[in-house]
Amino acid sequence: MNCERISAKNTYKFELSVPELGEHHGLIIAKFSTLGCDSGTVEISCFKHSWKHTFSSLDENFNLIEEFFVAQDTGYLAGKMVENKYTVPVSDPKQISLYLKGLILKMIDHKEIELSEAKHWISQTHNVHFHKGLLSPTPVVERILGCEWWRNVPEKKCPEYALACKIIELVKSAIKETF
């Protein structure tokens, strides 16, 4: 990775390749603005994404926002900078079907359901539907996940959060090499 400071105002430019995104070669622009002795703003732009957050109440051990940024946990930084939540509901019918089958098997083990009833519900797990990206309340979903089934839908990492973690880790690594 190549990192260069492109202005005296603590703006850095990184050239990188992120294998998870294929053979895309991209440019990361990271802007750090220390706003006095106890706060600072970080803005990172790359590909078609841009994340920005102002961190207040910086620890007195950090003179610059860059020092604070490098010292923090990547998940914490991404959580502050990405607007979307950490996880999103799984929206793949095959994954939901497998999840429901697993729950049915657990119900058999815990004697919460008879084998004949379990066979019926397992045969129905392929009948999951989505409306506008959200799981619909089919009978099998309501029976296995319960009355408040929407609270029990499995989740996966938000793709934008995962990308932000990767990019933030690359920026942190480049900043460490620069100092």
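Me: Why is Cys46 called buried?

Reply: In this predicted model, Cys46 has a relative accessible area of 2%, and since the word buried is applied to anything under 20%, the residue qualifies. The same reasoning holds for Cys165, which counts as buried at 15% relative accessibility.

Me: How many disulfides does a search of the whole structure find, and what would make two cysteines count as one?

Reply: The search of the whole structure returns zero disulfides. A pair of cysteine sulfur atoms would have to lie within 2.5 Å to be counted, so the result of zero means that this cut-off is not met in the model.

Me: What makes the pair of Phe32 and Phe69 edge-to-face?

Reply: The search of the whole structure finds three aromatic pairs, and one of them joins Phe32 and Phe69, with the ring centres 5.3 Å apart and the planes at 75°. Rings pair when their centres lie within 6.5 Å, and planes over 60 degrees apart count as edge-to-face, so both tests are passed here. Phe32 belongs to strand β3 and Phe69 to helix α1, so the pair ties together parts that are 37 residues apart in sequence.

Me: Why do Phe32 and Phe69 count as buried?

Reply: Phe32 has a relative accessibility of 1%, while that of Phe69 is 0%; the limit for buried is under 20%, and therefore both residues fall on the buried side of it.

Me: Why is the pair of Phe55 and Phe68 called tilted?

Reply: The ring centres of Phe55 and Phe68 are 5.3 Å apart, but their planes meet at 55°. Stacked requires an angle under 30 degrees and edge-to-face one over 60, so an angle of 55° leaves the pair in the tilted class. Phe55 lies in strand β5 and Phe68 in helix α1, 13 residues apart, and the pair links distant parts of the chain. Ring pairs also join Phe55 and Phe68 with Tyr76 in a cluster.

Me: What makes Phe55 and Phe68 buried?

Reply: At 3% relative accessibility Phe55 counts as buried, and Phe68, with a relative accessible area of 8%, is buried too, because the class takes in values under 20%.

Me: Which residues have the most contacts inside the largest nonpolar core?

Reply: Ile44, Trp51, Phe69, Ile167 and Val171 have the most contacts inside this core of 28 residues. Two or more of its residues come from each of β3 (25-34), β4 (39-46), β5 (49-56), α1 (65-71), α2 (74-81) and α6 (159-178), with α6 giving the most, nine residues. Apart from residues up to four places away in sequence, Phe69 touches Phe32, Val42, Ile44, Leu77, Met81, Ile168, Val171 and Lys172. There is also a second, separate core of 17 residues, which includes Leu103, Ile104, Val141 and Val153.

Me: How do you know that β4 and β5 pair?

Reply: Two strands pair if at least two bridges are found between them, and β4 and β5 have eight bridges in the antiparallel sense, so the requirement is satisfied. As one example of a bridge, Glu43 has Lys52 in β5 as its partner. The two strands form a hairpin with two residues between them, and Phe47 in the turn has a positive phi of about 50°.

Me: Why is Asn152 called partly exposed, whereas Thr138 counts as buried?

Reply: Asn152 has a relative accessibility of 36%, and because partly exposed spans the range between 20% and 50%, the residue takes that label. Thr138, at 10%, counts as buried, since that value is under 20%. Asn152 is found in the loop between α5 and β9 (155-157), and Thr138 in the loop between β8 (134-135) and α5 (139-145).

Me: What do Asn152 and Thr138 touch, leaving aside residues up to four places away in sequence?

Reply: Asn152 touches Tyr99 and Leu145, and Thr138 is in contact with Asn127 and His129. The C-alpha atoms of Asn152 and Val141, which are 11 residues apart along the chain, are separated by 9.8 Å.

Me: How many of the chain's residues count as buried, as a percentage?

Reply: Of the 179 residues, 37% count as buried. The chain exposes about 10,900 Å², with carbon and sulfur atoms supplying 52% of that area.

Note on methods: Residues numbered from 1 in each chain as written. Predicted model: local features only at pLDDT ≥ 70, side-chain atom pairs only at ≥ 80, totals over all residues. Heavy atoms only, no water. Core = buried A, V, L, I, M, F, W, Y, C linked by side-chain atoms within 4.5 Å. Buried < 20%, exposed > 50% of the residue type's maximum accessible area, 1.4 Å probe, protein only. Helix = DSSP H or I, 4+ residues; strand = E, 2+ residues; numbered from the N terminus. Contact = heavy atoms within 4.5 Å. Areas by Shrake-Rupley, 256 points an atom, 1.4 Å probe, with all protein chains shown as cover. Phe/Tyr/Trp six-rings, centres within 6.5 Å; stacked < 30°, edge-to-face > 60°.
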